[in-house]
Amino acid sequence: MRLGLPSLLGLTLLTLPALAQDITLRLPVACEIGRTCFIQNYLDRDPSPAVSDYQCGTLTYEDHDGTDIRIPNMLAQQAGVDVVAAADGKVANTREGVPDTAVTEQTREKISQIGCGNAVVIDHGNGWRTAYCHMAKGSVTVRSGREVKAGDKIGQIGLSGLTEYPHLHFTLLKDGKPVDPFAYGAPEKSCGGGKSLWEASLQRTLAYQAGAVLNKGFAGGPVTMEAIESGAAERETPTTKSPALVAFVRAIGLKGGDVQTLTLFDPDGKPLAQNKAPPLDRAKAQWMAFSGVKQPEGGFRPGLYRAIYRVERDGKPAIEQAFGISLRP
């Protein structure tokens with residue numbers, strides 16, 4: 001999606017020393033991919049109304065012009081997650097003062113005018129620019145004209161602009177046009193190919209993942225998506241006297257046809273409860289699953305309870321995550 005970048009980019013190019021023809025990028029968020037942050041969406045490489053990421057997958061949406069790096073919940077956002085410059089350059093433009101508010105259907109049209117939210121644009125020379133969107137109000141630490149080095153803090157992840165969850169929307173531009181840092185130069189609609197512009201140390205970390213577990217944990221009662229997003233669900237610690245024991249998972253990047261199974265095991269390794277959902281009717285940006293039991297008479301037995309979440313795709317294992325909790329009185 002075009003997130004109001006033209007208004008941020010429409011200014012005279014700053015003169016910089018000549019750089020190599022291609023750019024090398026470091027991760028623009030101070031986080032650990034696959035543990036404290038996740039890639040939710042890639043650039044849409046299909047010019048038609050259909051969508052396709054650089055591996056011909058569905059981790060994108062119509063006209064999405066960058067990479068979305070998502071953090072687990074609002075609790076993580078409130079703790080502060082730094083956004084950093086992906087390469088050396090000079091700040092070309094900034095925007096501040098946009099409130100951190102999740103977009104709704106009622107506010108979408110108004111917010112779309114400042115869709116990028118609080119943002120920074122950095123000029124790297126030779127036609128290369130990077131844009132950083134949705135940063136927290138009051139967190140932008142740089143101003144136009146300032147030189148920055150790769151890794152310098154420029155703000156923090158927020159919820160400003162056209163977004164429903166805390167993340168950084170990162171766009172790489174060459175001569176004013178968005179390009180894919182995962183597959184630079186690859187033909188449209190191609191699967192793979194092109195050149196990765198990420199630094200060598202990130203190549204393995206940023207390997208394509210068609211789906212991931214964003215949140216997981218246990219609760220002592222019903223779980224809602226709101227509780228997961230706020231972080232409240234993961235802060236709860238069930239005990240042997242809790243009304244119930246519920247294992248929950250929020251996964252991202254699921255595909256149509258995926259079959260999910262979440263099984264809860266007692267301290268002896270015997271299944272206590274299982275939730276096997278019907279195949280998904282279409283691709284899902286995120287999905288919540290839970291499986292649990294009510295407290296038995298006399299309370300839960302102390303010990304280690306485990307849960308295993310599995311996703312089967314096209315008859316083959318696609319995602320598996322195991323996690324546990326020790327119940328105490």
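In the next few minutes I will go through one sheet, one buried residue and several salt bridges of this structure. Please keep in mind throughout that this is a predicted model.

Let me begin with the sheet, which is an open one made of three strands in the order β11-β12-β15, with antiparallel pairing. The two strands at the edges are β11, residues 212-219, and β15, residues 284-294, and each of them has a single partner strand, so one side of each is left without a neighbour in the sheet. If we ignore direction, neighbouring strands here are turned by 10° against each other on average. Strand β12, which covers residues 244-254, pairs with β15 in the antiparallel sense over 10 bridges, and within that pairing Val-249 has Ala-289 of β15 as its bridge partner.

From there I turn to Asn-41, which is found in strand β1, residues 38-41. Is this residue, Asn-41, buried or exposed? With a relative accessibility of 8%, Asn-41 counts as buried, because the cut-off for that word is under 20%. When its neighbours within four places in sequence are left aside, the residues in contact with Asn-41 include Leu-59, Tyr-61, His-64, Asp-68 and Tyr-165.

Now to the salt bridges, of which the structure holds 14. In one of them, Asp-22 is joined to Lys-195, with the closest N and O atoms 2.9 Å apart. Asp-22 lies in the loop between α1 and β1, while Lys-195 lies in the loop between β10 and β11, so this pair ties together parts that are 173 residues apart in sequence. Asp-22 counts as partly exposed, at 30% relative accessibility, and Lys-195 also counts as partly exposed, at 43%.

Another salt bridge is formed by Arg-70 and Glu-229, whose closest N and O atoms are 3.6 Å apart. This pair links distant parts of the chain, with Arg-70 in strand β2 and Glu-229 in helix α4, 159 residues apart. Arg-70 is buried, with a relative accessible area of 1%, and Glu-229 counts as buried at 16%.

The last pair I want to show is Arg-310 with Glu-320, where the closest N and O atoms are 2.9 Å apart. Arg-310 belongs to strand β16, residues 303-313, and Glu-320 to strand β17, residues 316-327, so the parts tied together here are 10 residues apart in sequence. Arg-310 is partly exposed, with a relative accessible area of 40%. Finally, coming back to Arg-70 and Glu-229, salt bridges that share partners join these two residues and Arg-250 into one network.

Conventions:
Residues numbered from 1 in each chain as written. Predicted model: local features only at pLDDT ≥ 70, side-chain atom pairs only at ≥ 80, totals over all residues. Heavy atoms only, no water. Pairing = 2+ DSSP bridges. Helix = DSSP H or I, 4+ residues; strand = E, 2+ residues; numbered from the N terminus. Axes fitted to C-alpha atoms, helices over the stretch in contact; angles between N-to-C directions. Buried < 20%, exposed > 50% of the residue type's maximum accessible area, 1.4 Å probe, protein only. Contact = heavy atoms within 4.5 Å. Salt bridge = Lys/Arg side-chain N within 4 Å of Asp/Glu carboxyl O.
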